[in-house]
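Welcome, and please open your viewer with the model loaded. We will move from the whole fold to single residues, one selection at a time.

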Amino acid sequence: MSVPFSNQSTISDLQRLKELLGESLTKTGITIPEQSRLLNLACGRADEASVLADVFGKKGLQLTGLDIRDREIGEAQERWKKYLPKNAEAEFLVQDCSKLDDLNTLSDDFNIAFMRHQNFWNGDTTWSKIYDQALHRLNEDGLLIITSYFDREHQLALDAIQNLGAELILTEQNHHSRSLHDVPLGVKKSVDRHVAIFRKP
Ligand SMILES: C[S@@+](CC[C@H](N)C(=O)[O-])C[C@H]1O[C@@H](n2cnc3c(N)ncnc32)[C@H](O)[C@@H]1O
């Protein structure tokens, strides 16, 4: 069943994201369990939910998507209650991800924490807290995976996450990412421009 998105480019962006994640994981040599518990932080509308199910949950994905904005979470709930692949279960909650301890029911044995298009430039303290909280919610083999829109922002996130003690396993530029032009002239922004994979400290 094809998932409807208002932006015409979303489907091809998601296809590229799926390839990027698959190729990057292959390069690390890490075998992803066929069943995963995945925390999708600052997920917005969680457009990528079915990609996550394909990549991380061949035999099952339990996805928890969190974002501070209720409109985006509402859209995620509406879309995925109808279109989520059969191998996945998902809940989408309005939550400040720098305060995950407030969410009493949230488990601490996720094997993947995923953050697409982190916003490090938009409040480095908050984002460092979000990464820290994410790492605390992973089991001992857990991976934190991020993507970024910008080169400089990606580097800031790499530094911040390593300062929290996580091991950087891989960082890659996505040479097939779609350029975006909603930025000042000279600034390069593109969809899933970089990906990085970290191991929990
Ligand atoms: C650039 S958007 C990326 C959204 C989505 N991951 C994507 O790729 O389309 C950044 C997201 O971070 C969310 N956000 C910002 N601060 C947050 C916080 N403290 N807790 C949870 N979400 C937050 C915003 O609401 C927004 O949806």
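Here is a tour in short stops, each with something to select.

**Before you start**

This is a predicted model: local features need pLDDT of at least 70, side-chain atom pairs count only at pLDDT 80 or more, and totals for chains, interfaces and linings use all residues. Residues are numbered from 1 along each chain as its sequence is written.

**Stop 1: the whole protein**

Show the C-alpha trace and turn it around: along its principal axes it spans about 40 × 40 × 35 Å. The radius of gyration is 16 Å, which agrees with the value near 17 Å that a compact globule of 201 residues would have. That radius is taken over C-alpha atoms, and the globule rule is 2.2 Å times the number of residues to the power 0.38.

Of the 201 residues, 41% count as buried. A residue is buried if 20 or more other C-beta atoms lie within 10 Å of its own, exposed if 12 or fewer, and partly exposed in between, with C-beta atoms placed from the backbone.

Now switch to cartoon view, where you can find five helices and nine strands. Both are DSSP runs numbered from the N terminus: helices are H or I with at least four residues, strands are E with at least two. Along the sequence they follow the pattern α-β-α-β-α-β-β-α-β-α-β-β-β-β.

**Stop 2: the sheet**

In what order do the strands of the open sheet lie? Seven strands line up as β3-β2-β1-β4-β5-β9-β6, with mixed pairing. Two strands pair if DSSP finds at least two bridges between them. Select β3 (88-94) and β6 (167-173) at the edges: each has a single partner strand, so one side of each is left without a neighbour in the sheet. From one strand to the next, the twist averages 15°.

Start near the β3 edge with β2 (residues 60-67), which runs parallel to β3 and is joined to it by seven bridges. There, Leu63 stands opposite Ala90 of β3.

Next, select β4, which is mostly covered, with five of its six residues buried. On one side, β4 pairs with β1 in the parallel sense over three bridges; Asn40 has Phe114 in β4 as its bridge partner. β4 also pairs with β5 in the parallel sense, over five bridges. Phe110 is partnered by Leu138 in β5, and Phe114 stands opposite Ile145 in β5. Eight of the eleven residues of β5 are buried, so this strand is largely enclosed by the rest of the structure.

**Stop 3: helices on the sheet**

Add helix α4 (residues 124-136), which packs on the sheet and touches β1 (35-40), β4 (110-115) and β5 (138-148). Its direction makes about 145° with that of β5. Then add helix α5 (residues 151-163), which touches β5, β6 and β9 (194-199) and makes about 160° with the direction of β5. Here axes are lines fitted to C-alpha atoms, for helices over the stretch in contact, and angles run from 0 to 180 degrees between N-to-C directions. Two residues are in contact if their C-beta atoms, placed from the backbone, lie within 7 Å.

**Stop 4: an enclosed helix**

Select helix α2 (residues 49-56). Why is it largely enclosed by the rest of the structure? Seven of its eight residues are buried, so it is largely enclosed. The buried ones are Ala49, Ser50, Val51, Leu52, Ala53, Val55 and Phe56. Show what covers them, including α1 (10-28), β1, β2, α3 (70-83), β3 and β4.

**Stop 5: two loop residues**

Most residues other than glycine have a negative phi, and most peptide bonds are trans. Pick Ala46, in the loop between β1 and α2: its phi is near 55°, a positive value. Ala46 is buried, with 24 other C-beta atoms within 10 Å.

Then pick His117, in the loop between β4 and α4. Its phi is also positive, at about 60°. Is His117 buried or partly exposed? With 18 C-beta neighbours inside 10 Å, His117 counts as partly exposed.

**Stop 6: the ligand**

Keep His117 selected and show the ligand. It is surrounded by 15 residues, the closest being Ala42, Gly44, Ile68, Cys97 and His117. A residue is near a molecule if its C-beta atom, placed from the backbone, lies within 6 Å of it.
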